[in-house]
Amino acid sequence: TDDWREDASRRDFTMNALYADRDGTITDFFGGVSDGKAGLVRFIGEPSKRIAEDALRILRFFRFHAWYGAGEMDADGMAACAAHAPMIDRLSGERVRDEVFKLLRAPDPVPVWRAMLAAGIAAHIAPSATEIESLKRLIVAERELGLDANPLRRFAALIGTALADEAVGLKARLKLSNADAEYLAALPALAERLNLIERGEFARALYGAHSSWVRDAALLVNICSGKPEKSILVALQDFMATWREPRFPLTGDDLTARGLREGPQIGRLLSRMEDWWLAAGLAPNRHESLAELDRMLEPPGDGG
């Protein structure tokens, strides 16, 4: 259509229905400029009608407020979103995920997520994503550590201790990529490395894993228990800035060269050697590792 008013009347929010000509003159049919200045996300016309046209507008209503809103959310819009919340279940996982992650990237999505919980919206996204205080503490910690807003990390904070049980279901519901699903599933397991982090053994803690995943696991435990302390997390973050994972210097060929036959024994011995190397702080070089291997292979004395 070349009728701007007709086009505007089909859009979702007043601030999304602004037009400008080549001279920069703004045409505003529904008060979008004043709403934008006031931080009011308001549906055009009847909110229920706009939502019936596309239920994704429920999530967009909250996402827009997280980024551009101020003060209380529009009461009519809130009521309509709450009334039509079950429609979210019919949306594709990809569309829900994209809107939720855009929302969680906002500087402070805590008030909006709290409103989504109260209105029954969050229950149709991830029923277990209720740990609002954990999200609040995480955002503070992110700022203290100079970390970017990571929506997946924030989502994990909202799920909290239920993450280990919920990861598989979340992948299916939100159509998460394999990498994102692996990240969520890994966080509870990586928390086992926190003892190493608290002892300052950062290289051992990071070895064999995505370093940022280990840090995030430690950060998520911190917001629940206060440990590891923030100073340790800062030191870990500094260590990661220059961390390059070393390679274990031995291979199976080193064992077969010493007369061992291929088979399970080689795997077990390599595992023992790698444990020794890790306990030594990943520091021994190839020459030192071969010397230790030879010591391991020495036959025991006859005790005579």
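Modeller: Let's fix one word before we start: a residue is buried when its relative accessible area is under 20%, exposed when it is over 50%, and partly exposed in between. Take Leu282 as a test case: its relative accessibility is 8%, so it counts as buried. Bear in mind that this is a predicted model.

Biologist: Okay, zoom out for me. How many helices and strands does the protein chain have?

Modeller: The protein chain has 18 helices and two strands. Its radius of gyration is 27 Å, whereas the globule rule gives 19 Å for 304 residues, so the chain is more spread out than a compact globule. You can see that in the C-alpha trace too, which spans about 100 × 40 × 35 Å along its principal axes.

Biologist: What percentage of the 304 residues is buried?

Modeller: That would be 43%. As for the outside, the protein chain exposes about 15800 Å², and carbon and sulfur atoms supply 49% of that area. Contacts tell another part of the story: of those with a separation of 6 or more, 64% join residues 24 or more positions apart.

Biologist: How should I read the nonpolar core, and which residues have the most contacts inside it?

Modeller: The general idea first: in soluble globular proteins, nonpolar side chains tend to be buried together. Here the largest nonpolar core has 95 residues, and the ones with the most contacts inside it are Phe62, Trp113, Ile121, Ile125 and Phe155. Have a look around Phe155: beyond its neighbours within four places in sequence, it is in contact with Val100, Phe101, Leu104, Ala126, Ala129, Leu170 and Leu174.

Biologist: And where does Leu293 sit?

Modeller: Leu293 belongs to helix H18, residues 286–297. Its relative accessibility is 0%, so it counts as buried. Setting aside the neighbours within four places, Leu293 is in contact with Leu250, Asp254, Leu255, Arg258, Leu269 and Met273. For a feel of the scale, compare Leu293 with Asp7: they are 286 residues apart in sequence, and their C-alpha atoms are 76 Å apart in space.

Biologist: On to charges. How many salt bridges are there?

Modeller: The count is 21, and a pair gets in when a side-chain nitrogen of Lys or Arg comes within 4 Å of a carboxyl oxygen of Asp or Glu. Glu6 and Arg10 make one of them, at 3.3 Å from N to O. Both ends are partly exposed, since Glu6 has 38% relative accessibility and Arg10 has 44%.

Biologist: What about Arg63 and Glu99: how far is it from N to O?

Modeller: Their side chains meet at 3.0 Å. Arg63 is in helix H4 (residues 56–68) and Glu99 in helix H6 (residues 93–104), so this salt bridge ties together parts that are 36 residues apart in sequence. Are the two ends buried or exposed? Arg63 is buried at 13%, and Glu99 is buried at 5%.

Biologist: Which helices does the Arg114 and Glu133 pair tie together?

Modeller: The salt bridge itself comes in at 3.5 Å, N to O. Arg114 lies in helix H7 (residues 110–118) and Glu133 in helix H8 (residues 132–145), so the pair links parts that are 19 residues apart in sequence. Salt bridges can also share partners, and in that way Glu142, Arg153, Arg154, Arg215 and Asp216 are joined into one network.

Biologist: Which residues make the nonpolar surface patch of about 220 Å²?

Modeller: Leu18, Ile26 and Val33 make that patch. Leu18 is in strand E1, residues 18–20, and counts as partly exposed at 35% relative accessibility.

Biologist: Last topic: backbone oddities. What should I look for?

Modeller: Most residues other than glycine have a negative phi, and most peptide bonds are trans. In this model, the peptide bond from Lys227 to Pro228 is cis, with omega near -5 degrees. Pro228 lies in the loop between helix H14 (211–225) and helix H15 (230–242).

Biologist: Where is Lys175, and what is its phi?

Modeller: Lys175 has a positive phi, near 50 degrees, and sits in the loop between helix H10 (163–174) and helix H11 (178–190). With a relative accessible area of 42%, Lys175 is partly exposed. Now back to our opening residue: Leu282 also has a positive phi, about 60 degrees, and is found in the loop between helix H17 (264–279) and H18. Unlike Lys175, which is partly exposed, Leu282 is buried.

Technical notes. Residues are numbered from 1 along each chain as its sequence is written. This is a predicted model: local features need pLDDT of at least 70, side-chain atom pairs count only at pLDDT 80 or more; totals for chains, interfaces and linings use all residues. Side-chain values use heavy atoms; hydrogens and water are left out. A nonpolar core is a set of buried Ala, Val, Leu, Ile, Met, Phe, Trp, Tyr and Cys residues joined through side-chain atoms within 4.5 Å. Buried means under 20% relative accessible area, exposed over 50%, partly exposed in between (1.4 Å probe, protein chains only). Contact means heavy atoms within 4.5 Å. Helices (H or I, at least four residues) and strands (E, at least two) are DSSP runs, numbered from the N terminus. The radius of gyration is taken over C-alpha atoms; the globule rule is 2.2 Å times the number of residues to the power 0.38. Accessible areas come from the Shrake-Rupley method with a 1.4 Å probe; for residues, only the protein chains shown count as cover. Patches are made of residues with over 30% relative accessible area and no salt bridge: like charges are joined within 9 Å, nonpolar side chains (Val, Leu, Ile, Met, Phe, Trp, Tyr) within 5 Å.
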